[in-house]
Each structure stands twice: as structure tokens, then as C-alpha cells.
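Please work through the exercises below with the sequence and the model at hand. Attempt each task before reading its solution.

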Amino acid sequence: MTIDTGIHTSDVIVIGGGTGGYSTALRAASLGLDVVLVERDKVGGTCLHRGCIPSKAMLHAAELVDGIAEARERWGVKATVDSVEWGALVATRDDIVARNHKGVEAHLAHAGVRVVRGSARLTGTRTVRVEGVRTIDDGAHSGVAPGVRDLVARRGIVLATGSRPRTLPGLAPDGRRVVTSDDALFAPGLPASVLVLGGGAIGAEYASFHRSMGAQVTLVEAADRIVPLEDADVSRHLTRGLKKRGIDVQAGARLLDAELLDGGVRARVRTARGETRTVTADRLLVAVGRAPVTEGLGLEAAGLTTDERGFVVPADWRRLETAVPGVHVVGDLLPPPSLGLAHASFAEGLLVAETLAGLEPAPVDYAAVPRVTYSSPQTASVGLGEAEARARGHEVDVNTMPLTAVAKGMVHGQGGMVKVVAEAGGGQVLGVHLVGPHVSEMIAESQLIVGWDAEPADVARHVHAHPTLSEAVGEVFLTLAGRGLHQQ
Ligand SMILES: Cc1cc2nc3c(=O)[nH]c(=O)nc-3n(C[C@H](O)[C@H](O)[C@H](O)COP(=O)(O)OP(=O)(O)OC[C@H]3O[C@@H](n4cnc5c(N)ncnc54)[C@H](O)[C@@H]3O)c2cc1C
């Protein structure tokens with residue numbers, strides 16, 4: 001047991017142990033740097049404890065429920081869902097999270113990263129004060145060190161304090177009737193009706209999950225289409241798929257007000273047609289985006305500021321280094337073109353660790369980072385949408401094909417599509433956009449196609465397995481390369 005409240009010097013201090021912070025720490029340690037990671041809650045951060053992992057575990061359960069409905073309706077299987085035991089679902093979900101949490105802790109200990117559990121704030125350009133220190137784990141030893149600990153970094157400090165759910169003025173979450181995506185995980189049971197505010201990935205996923213669990217779901221998005229950052233055809237196909245499942249999708253709509261009732265909310269929504277509709281639901285889930293966490297971080301002590309949205313903007317995006325040399329930033333603290341996604345933060349963590357170790361890694365190619373919505377149907381995209389490509393001055397060839405045009409798509413019977421945007425005349429592939437079942441697993445080849453600046457003819461040389469959903473991707477590229485087989 002180590003009880004040590006003195007000043008501790010290391011090569012690198014990482015503040016925040018989410019995916020951005022722990023990936024930086026692991027890679028820096030593997031490159032021989034002495035690393036201290038400060039985390040005030042649990043290593044793994046949002047993604048592991050409140051984001052990617054618990055939500056995808058729940059969506060897996062939802063897929064099983066949907067599968068029973070499909071079995072009955074399409075395949076003559078005499079099966080019904082009696083009920084879903086929320087407690088059992090939560091237990092399995094939480095077991096997956098707990099095992100991953102142990103795994104991250106073990107990786108950090110194995111790599112020799114010292115984890116200080118407490119709340120960190122900058123006191124200078126190379127100094128950090130940790131308050132409320134609970135434990136310090138340094139692999140072999142772990143102990144309670146009361147109070148405060150001062151840290152000094154020889155090489156640099158990495159800011160990785162992440163984000164929290166954004167809320168709306170006048171709509172304070174109470175954790176029961178008005179909830180954030182965090183609260184939705186820890187709710188005592190499943191609601192019979194939900195109004196989801198926000199049609200981005202998180203909103204669409206929660207709308208989809210609750211619908212699978214039998215709830216009446218209304219999804220309200222202020223922009224004129226859901227998943228508004230994606231290609232318009234992605235929004236169209238996702239909207240169609242969600243509506244087909246009975247979700248009331250209201251894009252171009254605004255929440256006027258919400259009244260708390262004993263057992264839920266009554267909200268007034270102005271629809272795109274200008275009508276005012278009253279929606280009564282057990283739960284109003286606010287999924288209107290995420291806000292960077294910098295309060296109490298002491299940015300000013302290091303001479304740093306945020307932009308007007310609260311992001312820490314790098315002065316050098318190639319090194320993810322702020323205007324203060326040696327102070328770097330990763331993850332959800334970064335504004336676009338970073339993506340607020342865990343896998344983007346892994347790439348940023350690798351880059352910053354390697355930079356601090358004196359290497360010269362290639363910058364993160366944000367255009368080649370895939371974006372996935374794990375609703376039913378799923379969406380998966382990489383690169384530019386058609387309108388965005390044209391707006392950037394590209395002359396483009398576009399080819400789109402429904403997934404049901406291939407046999408495996410018919411087997412799944414869930415619709416969907418493949419859309420490819422490429423420079424006109426056989427040039428570089430600029431974007432690939434998929435909607436349908438399992439497309440989260442299908443996007444990997446397209447991220448290589450976009451990341452490696454491939455042209456349709458390069459892709460068309462490679463054979464896709466038959467019968468698979470991926471064949472549709474192959475077919476779209478064959479056609480763009482002038483060698484279409486089934487697509488006319
Ligand atoms: C519901 C939901 C679903 C999601 N699904 C996906 C998905 O499927 N795929 C995907 O790629 N992304 C997904 N995301 C996004 C993903 O979770 C984030 O992009 C990712 O967690 C960002 O990592 P980060 O390290 O920047 O921040 P975080 O994970 O938020 O970690 C920051 C850490 O810093 C700690 N901290 C903050 N301030 C201090 C301080 N002063 N001192 C010490 N510690 C501090 C916090 O306790 C936290 O642990 C999802 C998010 C949500 C909410």
C-alpha cells in the first residue's frame with residue numbers, strides 16, 4: 001500500500017480515464033513513458049459505463065425481441081414474447097460493462113500506468129493538483145492517499161475530460177420523467193411510452209430500443225431530417241425503417257413545452273406542417289447532443305480557453321496540441337472535425353501518445369472514420385455525403401442500390417441501401433453510405449476504400465462472397481467501374 005501525498009513527477013499526466021484518456025495512457029506507457037492517469041469516477045468513461053457498451057448490449061436484446069416477431073410473422077415460427085424482465089436485461093448488460101471495466105483496469109496496471117483517483121485541475125502548464133484523492137494504483141500497490149496530490153509533468157499534459165449530456169433550458173432532467181441517456185440506463189423499469197427529443201445517433205438508438213421493447217415512441221428532431229449530419233438518403237431510409245416499425249418520426253418539429261405529470265409528461269410539439277400536437281408519455285428522453293466537460297479544470301491557470309461552445313480547440317490539429325506547447329487534447333473535448341465517437345478518441349489517444357514520445361505519427365484522417373447508428377435498421381457511413389461532396393466542389397458519380405436487390409437482403413427483408421459517392425469519371429471514392437441490418441459490421445471495407453483513396457475500379461477487382469449483404473457493396477462498385485452484373 002502506498003500512502004503518498006507529496007509532489008509526484010512523471011513524463012505525462014492524462015486527465016480523464018475515458019476512451020481518449022486511457023488509450024493515450026496505454027500507448028504512452030508502451031512507448032516507455034512514465035504515465036499518471038487521473039480519473040475522478042471510473043476508468044472507461046462515458047463509452048464503457050454510460051454510452052457505447054451498455055447501449056449496444058441493450059440493443060442486442062432488442063434485436064432478439066425483434067427476431068421473435070420476425071420469426072412469427074415471416075417464418076411460421078410459433079413464438080411470442082411473454083415479457084421482458086428489465087432486471088435480468090440490466091444484470092447481463094452490467095456484467096458485460098463490469099468485465100470490460102476490469103479489463104481496462106488490468107491493462108492499465110499491466111502497462112505500469114499509475115491511476116490516481118480524484119478530481120484534477122491544472123495549476124500551470126506542467127502542473128496539476130488532484131483533489132479528493134481516494135486511491136492511487138500503481139500496479140503492484142494500491143492505497144488510500146487522503147486529500148490533495150500535486151503532480152508535475154516533464155513532457156506534457158493530456159486533457160481528456162470528455163462530455164456530458166446537453167440539456168435544454170426549462171427542461172431540467174429529474175431522472176424519472178425527464179431523463180438523459182445516462183438516466184435511461186438506470187431507470188427502474190421499461191416505460192410504456194417515450195417521447196425522444198433529438199434524432200441524432202443516440203436519440204435514434206433509444207427510440208429504436210424502446211420500440212422493440214413494446215413502447216409507443218415519438219421521435220422529435222428540429223432539423224428537417226433525422227441523423228441530419230448523414231447523407232440525405234441515409235436519413236430517408238432510416239426514417240422509413242423506423243416508421244415501418246411504428247415509431248412516430250417527426251422531423252422539422254419543435255418541442256413547445258412539457259408539463260410534468262405524476263407518472264410522466266405531457267408535451268406540446270409543433271410539427272413540420274405547423275400543427276400543434278400533444279404527446280403524453282411516461283418518459284421524455286432528452287438526446288439533444290453532448291457538451292464538453294471543462295468546469296473546474298483550471299484551463300486559465302495554463303493560459304488556455306475554450307471556444308464559445310466549450311470545446312478546447314487545438315492550435316495544431318496534426319499533433320492535437322493546444323496553443324500551450326505540451327498540452328494536448330483528445331476525445332469529446334475536441335470540436336469538429338473530431339466526431340464525438342469512442343473510436344475517434346482511440347485514434348487521437350494513439351496520436352498524442354506517439355507525439356509525446358517524440359514520434360511523428362500521421363494525423364487522424366477524420367474523413368475516413370466510420371459513423372454508425374445502431375438502431376434497427378442500422379446506418380453506417382464513411383466519407384462525404386452526396387450534397388456535401390458537391391458543396392465542396394467535387395463533380396461526382398453516385399450509385400445507389402437497395403439491399404433487397406441481393407438475395408441475402410431479401411432473406412433479411414428489412415430494406416436498406418448502399419450508396420457510393422465518387423469523383424466523376426472513375427475517380428476517387430469520396431463516401432460510402434449504408435442502411436440496413438448488420439451494416440455496422442459491413443462498413444469496415446468501405447473505411448479502407450475511402451481511407452486508401454481507392455477508385456471504383458480498384459474495388460471492382462475484388463470478389464465478394466455470395467450470398468452476403470456485402471455483395472450489394474461490391475455490385476455498386478462494379479457498376480461504377482462499368483462492369484455491373486445484376487444492376488442495370
Ligand atoms: C448513449 C451513448 C452511446 C454512445 N455510443 C457510441 C458508440 O456506439 N460508438 C462510439 O464510438 N461512441 C459512442 N458514444 C460516444 C462515446 O461514448 C464518446 O465519444 C467517448 O466516451 C468519448 O471519450 P472521452 O475519453 O473523450 O470522454 P469520456 O468517456 O466522457 O471520459 C472522460 C472521463 O474524464 C473524467 N473526468 C472529467 N473531468 C475530470 C477531472 N477534472 N479530473 C479527473 N477526471 C475527470 C470523467 O469521469 C470521465 O471518466 C456514445 C455516447 C453515449 C452517451
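Three exercises with worked solutions follow.

The model is predicted: local features need pLDDT of at least 70, side-chain atom pairs count only at pLDDT 80 or more, and totals for chains, interfaces and linings use all residues. Residues are numbered from 1 along each chain as its sequence is written, and side-chain values use heavy atoms, with hydrogens and water left out.

**Exercise 1.** Describe how helix α1 and helix α8 cross, and state which residues make the contact.

Solution.
- Step 1. Two packed helices are described by the angle between their axes and the distance between the axes.
- Step 2. Helices (H or I, at least four residues) and strands (E, at least two) are DSSP runs, numbered from the N terminus. Axes are lines fitted to C-alpha atoms, for helices over the stretch in contact, and angles run from 0 to 180 degrees between N-to-C directions.
- Step 3. Helix α1 spans residues 19-30 and helix α8 residues 342-356; their axes come within 7 Å and cross at roughly 35°.
- Step 4. Contact means heavy atoms within 4.5 Å. On α1 the contact residues are T19, G20, Y22, S23, T24, R27 and A28, and on α8 they are A342, S345, F346, G349, L350, V352, A353 and E354.

**Exercise 2.** Describe the surroundings of the ligand: how many residues surround the ligand, and which backbone atoms lie at 3.2, 2.9 and 2.8 Å from ligand atoms?

Solution.
- Step 1. A residue is counted if one of its heavy atoms lies within 4 Å of the ligand. The number is 37, and the closest are E39, T46, K56, D332 and A342.
- Step 2. A polar contact is a pair of N or O atoms within 3.5 Å. A backbone N or O atom of C47 is 3.2 Å from a ligand oxygen, and one of A120 is 2.9 Å from a ligand nitrogen. A polar backbone atom of A342 is 2.8 Å from an oxygen atom of the ligand.
- Step 3. On its own the ligand has 990 Å² of accessible area (Shrake-Rupley method, 1.4 Å probe), of which the protein covers 95%.
- Step 4. The elements giving two or more residues to the shell include α1, α3 (52-75) and α8.

**Exercise 3.** Locate two cis peptide bonds and a residue with positive phi.

Solution.
- Step 1. Most residues other than glycine have a negative phi, and most peptide bonds are trans.
- Step 2. S376 and P377 are joined by a cis bond, with omega about 5°; P377 is in the loop between β18 (371-373) and β19 (378-383).
- Step 3. The bond from H466 to P467 is also cis, with omega near -5°.
- Step 4. L320 has a positive phi near 50° and lies in the loop between β16 (290-292) and β17 (327-329).

Terms used
Polar contact = N/O pair within 3.5 Å; in protein donor to acceptor, adjacent residues only side chain to side chain.
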